[in-house]
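Trainee: I am new to this one. Can we go through it together?

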Amino acid sequence: MDTYLLTYRGQIRALLSAGQQAWFVTTHSEQQPTALYRIELEKELPQLWSVALPCGATALARLDTQLWLAGTDGQLYHLPWEGGIPAVLAGLNFGPDPILALAPLAGAALAVLQATQVHLVQRHARVQTLTLPQGATVMASDPSGTWLAV
């Protein structure tokens, strides 16, 4: 088995893979900006690609052809799955409480988990907020996006 060393900055908070690529995001202990990282596994040697973020990031999700990430600044960012520069989802901020997880849902919707709330985002707007009876730390959806587990 071969061993490869790929350099990145911060502590890994979320990882997402599909096909021959893996994406991950990090946070920095001193709240410094980090990057969105992609590892390309198609070639003989893995290639690390990164794009700077204005903050750290805590969660990732793939929704159709878009990659979504949750910034430590309370914003959602998106970019094409193939790569590019992350763009902020304007007009939607989740405040100072960290976003713990993202999950893709049917109908091009996205679930956003904070400690005691799940927000449903569709067409670039928050359409519903559910308050949880207890705090949560993880969330996942089934492949069809019909079921959500918190």
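What follows is a short round of questions and answers on this predicted model.

Trainee: How many strands are in the chain?
Mentor: Start with the helices: there are zero. From the N terminus on, every element in the run is a β. The count of strands is 14.

Trainee: What radius of gyration does the chain have, and why does it agree with a compact globule?
Mentor: The chain has 150 residues. For that length, a compact globule would have a radius near 15 Å, so the two values agree. The radius of gyration of the chain is 15 Å.

Trainee: What share of the residues is buried?
Mentor: Buried means under 20% relative accessible area. The share is taken over the 150 residues in the chain. Buried residues make up 42%.

Trainee: What part of the exposed area do carbon and sulfur atoms supply?
Mentor: Take the total first: the chain exposes about 8600 Å². Of that area, carbon and sulfur atoms supply 54%.

Trainee: How far apart do the centres of the positive and negative side chains lie?
Mentor: The chain has 7 positive side chains and 10 negative ones. Each set has its own centre. The distance between the two centres is 6 Å.

Trainee: Do strands S7 and S8 run parallel or antiparallel?
Mentor: S7 covers residues 75-80, and S8 covers residues 87-93. Three bridges join them. Their direction is antiparallel.

Trainee: Which residue in S8 stands opposite glutamine 75?
Mentor: Glutamine 75 belongs to S7, residues 75-80. Its partner in S8 is asparagine 93.

Trainee: Which residue in the hairpin of S7 and S8 takes a positive phi?
Mentor: Six residues lie between the two strands. The phi is near 125 degrees, and the residue is glycine 83.

How values were computed:
Residues are numbered from 1 along each chain as its sequence is written. This is a predicted model: local features need pLDDT of at least 70, side-chain atom pairs count only at pLDDT 80 or more; totals for chains, interfaces and linings use all residues. Side-chain values use heavy atoms; hydrogens and water are left out. Helices (H or I, at least four residues) and strands (E, at least two) are DSSP runs, numbered from the N terminus. The radius of gyration is taken over C-alpha atoms; the globule rule is 2.2 Å times the number of residues to the power 0.38. Buried means under 20% relative accessible area, exposed over 50%, partly exposed in between (1.4 Å probe, protein chains only). Accessible areas come from the Shrake-Rupley method with a 1.4 Å probe; for residues, only the protein chains shown count as cover. Lys and Arg count as positive and Asp and Glu as negative; His and the chain ends are not counted. The place of a charge is taken as NZ of Lys, CZ of Arg, CG of Asp or CD of Glu. Two strands pair if DSSP finds at least two bridges between them.
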